[in-house]
Amino acid sequence: MKYRKLGKSGLSVSEMALGNWITHGAQVDDRTAQACVNAALDAGITTFDTADVYSETRAETVLGTSLKGIRRDSIELCTKVFHPTGSGPNDRGLSRKHIMEGCDASLRRLQTDYIDVYYAHRFDSDVSLEETFIAFSDLVRQGKVLYIGVSEWTAEQIKRGAALARELHVPFAASQPQYSMLWRVIEGEVIPACEREGIGQVVWSPMAQGILSGKYAPGEPVPEGSRASAEAGAPFFDRLAGQWLNNEVLQAVGRIRPLAEESGLTMPQLALAWVLQNPQVSSAIIGASRPEQVQENVKAAGVRLDAEVMRQIDLILSGIAEFDPSKTG
Ligand code: NDP
């Protein structure tokens, strides 16, 4: 594994982080979840990503249990707050009440005293940004959170947050957007804004939920057991990656395969290496339904892709990859 600084902060994160959206507490049983976490630790992954809302809070519990006994200082545990975790009017959003209560509940489920990076999972237009950042800064002063981050915020929202973070002396270190060869909407505005503020990108769905692994073939039924077919995964897959499950995109993805072979990589490794070529990316969060996927994927750490391979990928995906910054969020 290789490690990078999270933006301009002093925190080192592993180039690949393990995330547990859809998988832990839902698609995979707890033994498989433990095996994936063990495979990540064995490969040198130190950064783990979850959220209170994943699998209706079970994902945090499964991750906390899977990491039990691991020296706390040797890992970075990251989670998020915003989406509903209950049916009450205050069980959601970025109010002081929900942030404070949400953080305590996450700490309990994760069986830890502090969170390394605590993310605002989305922007909350119903709550003043001051209220949100004062709550975050209080959590930092209380030692419950070390760094804060945001997920799927626009460049403008990030700029406003960064100004408040400076005023409150809060280490705002991370942005967590979707980023892959197919979804490049952060390149135009979010990345330049974050670069100016010293905020690193910790990117999600770097393999477009499996589309870029090459296992979804044009005109073929989706493979059994894959996220597109799994009961727990299909609704999320349809909503976010369903747009790519068509012949035009899958054939283009197929044309990338020779470039992977020429680079001595598998398709999943090429997809991950591609996002890591961007120096503003601090870490790529991988998902895995089996430990073998973790073992295969981590080999993308530290890979340098040839400039011609990058150019060919751009050509193959031109007209298919999405760049529109207004699609952030
Ligand atoms: P990926 O794009 O890496 O997709 C992971 C899925 O692809 C796996 O679960 C597996 O699904 C398939 N896969 C992985 N490796 C291979 C392989 N080698 N060969 C074939 N198939 C493979 O990332 P995710 O979409 O899972 O997102 C990663 C993490 O990002 C999440 O766990 C979460 O922590 C974070 N995230 C954050 C969001 C946010 O709003 N902030 C939103 C979404 C995710 P299968 O085997 O079931 O087909």
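Tutor: A polar contact is a pair of N or O atoms within 3.5 Å. The model discussed here is predicted.

Student: What makes the pair formed by Gln209 and the ligand a polar contact?

Tutor: A backbone N or O atom of Gln209 lies 2.9 Å from an oxygen atom of the ligand. The cut-off is 3.5 Å, so this pair counts as a polar contact.

Student: Which atoms of Glu296 and Asn297 lie at such distances from a nitrogen atom of the ligand?

Tutor: For Glu296, an N or O atom of the side chain is 3.2 Å from a ligand nitrogen atom. For Asn297, a side-chain N or O atom is 2.9 Å from a nitrogen atom of the ligand. Both values are within 3.5 Å, and therefore each pair is a polar contact.

Student: How much of the ligand's accessible area does the protein cover?

Tutor: On its own the ligand has 910 Å² of accessible area, and the protein covers 97% of this.

Student: Which elements give two or more residues to the shell around the ligand?

Tutor: They are strand E10 (281-286) and helix H10 (291-297). Helix H10 gives the most, with 3 residues.

Student: What classes of residue make up the shell?

Tutor: The shell has 16 polar, 11 nonpolar and 6 charged residues. Of the 33 residues around the ligand, those that come nearest are Asp49, Ser205, Lys215, Arg227 and Ser289. Asp, Lys and Arg count as charged, so Asp49, Lys215 and Arg227 belong to the charged class.

Student: Where does the annotated domain lie?

Tutor: An unreviewed UniProt entry annotates residues 16-316 as "domain: NADP-dependent oxidoreductase". Over that range the chain is 41% helix and 13% strand.

How values were computed
Residues are numbered from 1 along each chain as its sequence is written. This is a predicted model: local features need pLDDT of at least 70, side-chain atom pairs count only at pLDDT 80 or more; totals for chains, interfaces and linings use all residues. Side-chain values use heavy atoms; hydrogens and water are left out. A residue is near a molecule or strand if one of its heavy atoms lies within 4 Å of it. A polar contact is a pair of N or O atoms within 3.5 Å; within protein, one must be able to donate a hydrogen and the other to accept it, and residues adjacent in sequence count only if both atoms are side-chain atoms. Accessible areas come from the Shrake-Rupley method with a 1.4 Å probe; for residues, only the protein chains shown count as cover. Helices (H or I, at least four residues) and strands (E, at least two) are DSSP runs, numbered from the N terminus. UniProt positions are given in the numbering used here, feature names are shortened, and annotations may be inferred rather than shown by experiment.
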